[in-house]
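Hi,

Here is the structure I promised to pass on. Have a look at it first, and then read my notes below.

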Amino acid sequence: MLSPMSGTIVVGYDGKEQSEPALAKAAEEAKAAGSTVVVVAVEYMPVEPEIPSRYGFDPTGPDDLAAPGTEPPPSLKPTLVQAETKLVAAGVRAIYVWGAGDPARVIVETAREHRAAKIMIGPDHHGFFGRLFGDDVEAEVRRQADCDVVVVS
C-alpha cells in the first residue's frame, strides 16, 4: 500500500455540509504531498437496476463507473462543479468521477481503480432506519475498503 501522504486520495462527496470537511482535508493533504484528489459523486439507487441506466452505462456490468468523458447526470453535475470550484481555488490537482448505485460500493471501487492510499468521507448521518436498511455508508466503506478510511467531521 502507498504511504498515506504520498498517494491518491479519494473523497466521497455529495455537496452536503457533512462532506465539506472531508473535501477540505483531502485538499490540504494532497496539496502538501503533491498528490491527486479523486472526487466521486454517486447517484444513489436503492436497488441496482438490471437494465442499462439512463446515464449511458450499465451499472450491472464490469465497470460500474461512468466511462471517462461521460457527462454526469443533471442531479450530480452541480455537486461535481461545486467540488471542482473549491479544489481549483485550493490549487489541488483533481479528477472528478461519478457512479450510480450503492454509494459505499462506488466509492470503494473508485479507490481501487485509482489505487488510492486513502478514502476520506464525511460522517454518515443516517438515523436508525437508515442503518436498519443498510444505508450506513461510513460503515460499509470501512468494511469494504482496501486502504485507509478517514471519517472527517
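**A salt bridge to start with**

Lysine 25 and glutamate 28 form a salt bridge, with 3.6 Å between the closest N and O atoms. Before you read too much into that distance, keep in mind that this is a predicted model. Both residues belong to helix α1 (residues 20-33), where they are 3 residues apart, or about one turn of the helix. Lysine 25 is partly exposed, at a relative accessible area of 31%.

The story goes on from there, as Lys25, Glu28, Glu29 and Lys118 are linked in a network of salt bridges. Within it, glutamate 29 and lysine 118 meet through their side chains at 2.7 Å, N to O. That pair ties together distant parts of the chain: glutamate 29 sits in helix α1 and lysine 118 in strand β4, 89 residues apart. Are these two buried or exposed? Glutamate 29 has a relative accessible area of 10%, so it counts as buried, the cut-off being under 20%. Lysine 118 is buried too, with a value of 6%.

The structure holds 9 salt bridges. Another one of them joins glutamate 71 to lysine 77, whose closest N and O atoms are 2.4 Å apart. Here glutamate 71 is partly exposed at 48%, and lysine 77 is partly exposed at 39%.

**More on helix α1**

Since α1 carries part of that network, I checked the helix itself. At 1.5 Å a residue, its 14 residues should span 20 Å, and the end C-alpha atoms are 20 Å apart, which agrees. Its buried residues are Glu20, Ala22, Leu23, Ala26, Ala27, Glu29 and Ala30. What covers them? The cover includes β1, β2 (37-44), α2 (77-90) and β4. Just after the helix, glycine 34 takes a positive phi of about 70 degrees.

**The sheet**

Now for the strands. In general, strands of a sheet pair through backbone hydrogen bonds, either parallel or antiparallel. In this protein, an open sheet of 5 strands runs in the order β3-β2-β1-β4-β5, with parallel pairing. Its edge strands are β3 (94-101) and β5, each of which pairs on one side only. Neighbouring strands are turned by 25 degrees against each other on average, if direction is ignored.

Strands β2 and β3 pair in the parallel sense over 8 bridges, and valine 40 has valine 97 in β3 as its bridge partner. Two helices to look for here:

- α2 packs on the sheet and touches β2 and β3, its direction making about 160 degrees with that of β3.
- Helix α3 (residues 103-113) also packs on the sheet, touching β1, β2, β3 and β4, and its direction makes about 155 degrees with that of β2.

Strand β4 (residues 118-121) is the one that holds lysine 118. Which of its faces are covered? Both are: Lys118 and Met120 on one side are buried, and so are Ile119 and Ile121 on the other. As for its neighbours, β4 pairs with strand β1 (residues 9-12) in the parallel sense over 3 bridges, and methionine 120 is the bridge partner of valine 11. Towards strand β5 (residues 148-151), β4 runs parallel and is joined by 4 bridges. There, isoleucine 119 stands opposite valine 149.

**The whole protein**

Stepping back, the protein has 5 helices and 5 strands. From the N terminus on, the elements run β-α-β-α-β-α-β-α-α-β. How much of it is buried? Of the 153 residues, 46% are buried. Contacts between residues 24 or more positions apart make up 73% of those with a separation of 6 or more. The bridge between glutamate 29 and lysine 118, 89 residues apart, is one link of this long-range kind. On the outside, the protein exposes about 8,000 Å², and carbon and sulfur atoms supply 56% of that area.

If you want one place to begin, try the pair of glutamate 29 and lysine 118: it links helix α1 to strand β4, and β4 in turn pairs with β1 and with β5.

Cheers

Definitions and conventions:
Residues are numbered from 1 along each chain as its sequence is written. This is a predicted model: local features need pLDDT of at least 70, side-chain atom pairs count only at pLDDT 80 or more; totals for chains, interfaces and linings use all residues. Side-chain values use heavy atoms; hydrogens and water are left out. Buried means under 20% relative accessible area, exposed over 50%, partly exposed in between (1.4 Å probe, protein chains only). Two strands pair if DSSP finds at least two bridges between them. A salt bridge is a side-chain nitrogen of Lys or Arg within 4 Å of a carboxyl oxygen of Asp or Glu. The expected span of a helix is 1.5 Å times one less than its number of residues. Contact means heavy atoms within 4.5 Å. Accessible areas come from the Shrake-Rupley method with a 1.4 Å probe; for residues, only the protein chains shown count as cover. Axes are lines fitted to C-alpha atoms, for helices over the stretch in contact, and angles run from 0 to 180 degrees between N-to-C directions.
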